[in-house]
Structures are given as structure tokens and as C-alpha cells.
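Me: I'm new to this one. Can you walk me through a few spots?
Reply: Sure, pull it up and ask away.

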Amino acid sequence: MAEGAGAGPRLAELLAAGRRLWEEVETGAEPSSGAPAVQDKVRQGLDALQQAAAMVAQLDLFSENEELEEIASADLKYLLLPALLGALTLKQVDLSRRLEHLESARAHFWRFLKLCRSYGLGSFHLPSASPPGEEDAGGLSLGGPAAAQPSLVAMASSRQAKIERYKQKKELENRLASMRTFVESGQADEDQIREFYILQIQKWINTGLEEIESIDQEMVILRSRGTSKQPSAPPHGASRQARAPLKPFILTRDAAQAKVFGAGYPGLPTMTVDDWYEQRRRQGVVSAQGAPQRTPGITDEELQKQQQEKKEEEDDEEALQKARNWDDWKDTHPRGYGNRQNVG
């Protein structure tokens, strides 16, 4: 077991630098946490705290097999390293890596809470090591549809726990504020220093529980968004080709009319119906069968008449029957038949 003096000043400096940078980011005057100056502090703070955490692991300062009394008072402050790492990790603003940062921050807070729990620092329920929605090691989902909907009793219990944590947090902050100046000035004895560090740890326990709960909620939202944003497969496995936008033009009935409009509107091109169909056919918008067959110089009225005659010639029974019925009705009903208006 290494003592506080054995940890060396370098470790203390790294912890102090990381904590100072976190406080500057947390209470800074910058309007946005995404400002370059803020993110520089976040990166510097994470680097200092990660170096400190590596040194703590190398020195083997803490062990789950020892009691709280076995930890030197000067070493207690290093218990806060994973909590500070989690808090600074959440300050990163790269949206493309937000889920990754949430998972990393949650892991830091969970290790901090697990270590505090092993030392008996506070009575609290240790959250699950895995975020909600992930499968456990056995491959079974933790709860089904019924478990996803908390009962009223569970919701009331959670609300009560939040209220108690809030009250405890405020009480701890008040006690820490009254002791901070006394301890930092070097006037406090070892017992007072020890109490001050333990109060800090207990405050961060409440912060860690709140952050894990918030992280779990955000991760559920991000994962649901990621699922809903997955592109759906195009129908029949084929993607539509992008169509070129049509340029403005004047659509005319025939070439003669196109010459007239072309002369009157030199800035706007003209196009006959046949030319328009041919252009759309080349673009794949309409098929060759979809374009009407037009004799050069024929008008729309004549084309319509030809199509009607062709339809009747193809033995369209319905059209022929309607034509015959109409002829028969006119033979037996002279013009004006059935008009009794204004007749006494």
C-alpha cells in the first residue's frame, strides 16, 4: 500500500491540473461548450487525468480487498480520478462520436461508484455495469416489454431517491464550503483533511448516480434515432435514376406554330408535342408505346378523331354499343321530345 508521500508530487500536480481545468470548463464564461478554447481545456484536462489514473494503477493505491481506514488521508483525493474523467468526457461535443463518449463516461462513473461501494463510502444502489438495452453476457435481454415500463411504485421510489440525493448534495456542498478555506490554507489537521476528502467523494457519488441515469436516457434516444435513420431498401431492389430537370420551353401543336412562337420569343425555345415525347422517351420517362403516332402537319383535333376511329375499328364493344344505342334513341325521339316547360 503506497502512502500519499509515495505517490510523488507529479501525481498530485496532474490531479490538480485536471481538476482545475474541469472547474474552468464547468463554471466558465464561454457561451458555448463547443468553443475551441473550451474544447482545448477539455482535451488538456483529460490528458492530465488519464496520466494520473495510469500512475495510480501502477502504484496500486487502491484495492477492493482493503478497508477505508487503510487508505492514507492524502491518497483519498485520488479516488475522484474516474469521476473527474467521466465528467470531462461528457464535455466533448463531437456529435459523430457522442454515443462513444457517453459509453466511456458511463464506464468511468461506474468504476468510481464500484470502488466507493467496496470501501463503504455511502449507501446506494450500484447501477448495472451495462447500459439499458444491451444484452448481458449470457445473451439474454435484461427484461422484456413489461420490464421496459416501470411500475408506479418504482417511479415513486426513484423520485423519492432523487429528492433525498438532492438534499444530501446541498448539505454536502454547504459543509465543504465551510471547510475548504480552512483545509486549503494548511490549518487543518489530518482528521479534518480526511473528513474533507470523504465529503468530496460522497458529493461525487451523488453526481455519478445522476450522470449515469442521464447517460442511460440519452443513449436510448440516440440508439432509437440511429435505427429510424437507417435508409430503407428501394422497391424491388432497384434504385431510381436521377432525372434531369426540364428547362423552360413553349409547347406547340406543330412545326408551323413552333416557327411563329420561336420568332416572337427568341429567348425561349419552342418544342412540338412530338419533339417533347421523343425527348422524354430518350430520358426513359415515357416508353415508345406511350407516345402518340402523329402524321406531320396534323392537328390535335384530327389526331383525337383518328384515335377514336381506331378505337372503334378495334372492336371496342363498349364504345360501339354506346354509339348504336345513341343512334337508336335519336331515331325514336325527335329533337325537343319530352320538353313540357311552359306548356298549359
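Me: Is Arg19 buried or exposed?
Reply: Arg19 is buried, because its relative accessible area is 18%. Buried means under 20% relative accessible area, exposed over 50%, partly exposed in between (1.4 Å probe, protein chains only).

Me: Where is Arg19?
Reply: Arg19 sits in helix 1, residues 4-26. Helices are DSSP runs (H or I, at least four residues), numbered from the N terminus.

Me: And what does Arg19 touch?
Reply: Leu49, Leu80, Leu84, Gln200 and Trp204, not counting residues up to four places away in sequence. Contact means heavy atoms within 4.5 Å.

Me: Anything I should know about the model?
Reply: This is a predicted model: local features need pLDDT of at least 70, side-chain atom pairs count only at 80 or more, and totals for chains, interfaces and linings use all residues. Residues are numbered from 1 along each chain as its sequence is written, and side-chain values use heavy atoms, leaving out hydrogens and water.

Me: New topic. Which residues of helix 2 meet helix 3?
Reply: Among them are Val42, Gly45, Leu46 and Leu49 in helix 2. On the helix 3 side, they include Leu81, Leu84 and Leu85.

Me: What about helix 4, which residues are buried there?
Reply: Several are, including Arg98, His101, Phe109, Trp110 and Cys116.

Me: And what comes just after helix 4?
Reply: Gly120, with a positive phi of about 75°.

Technical notes: Helices (H or I, at least four residues) and strands (E, at least two) are DSSP runs, numbered from the N terminus.
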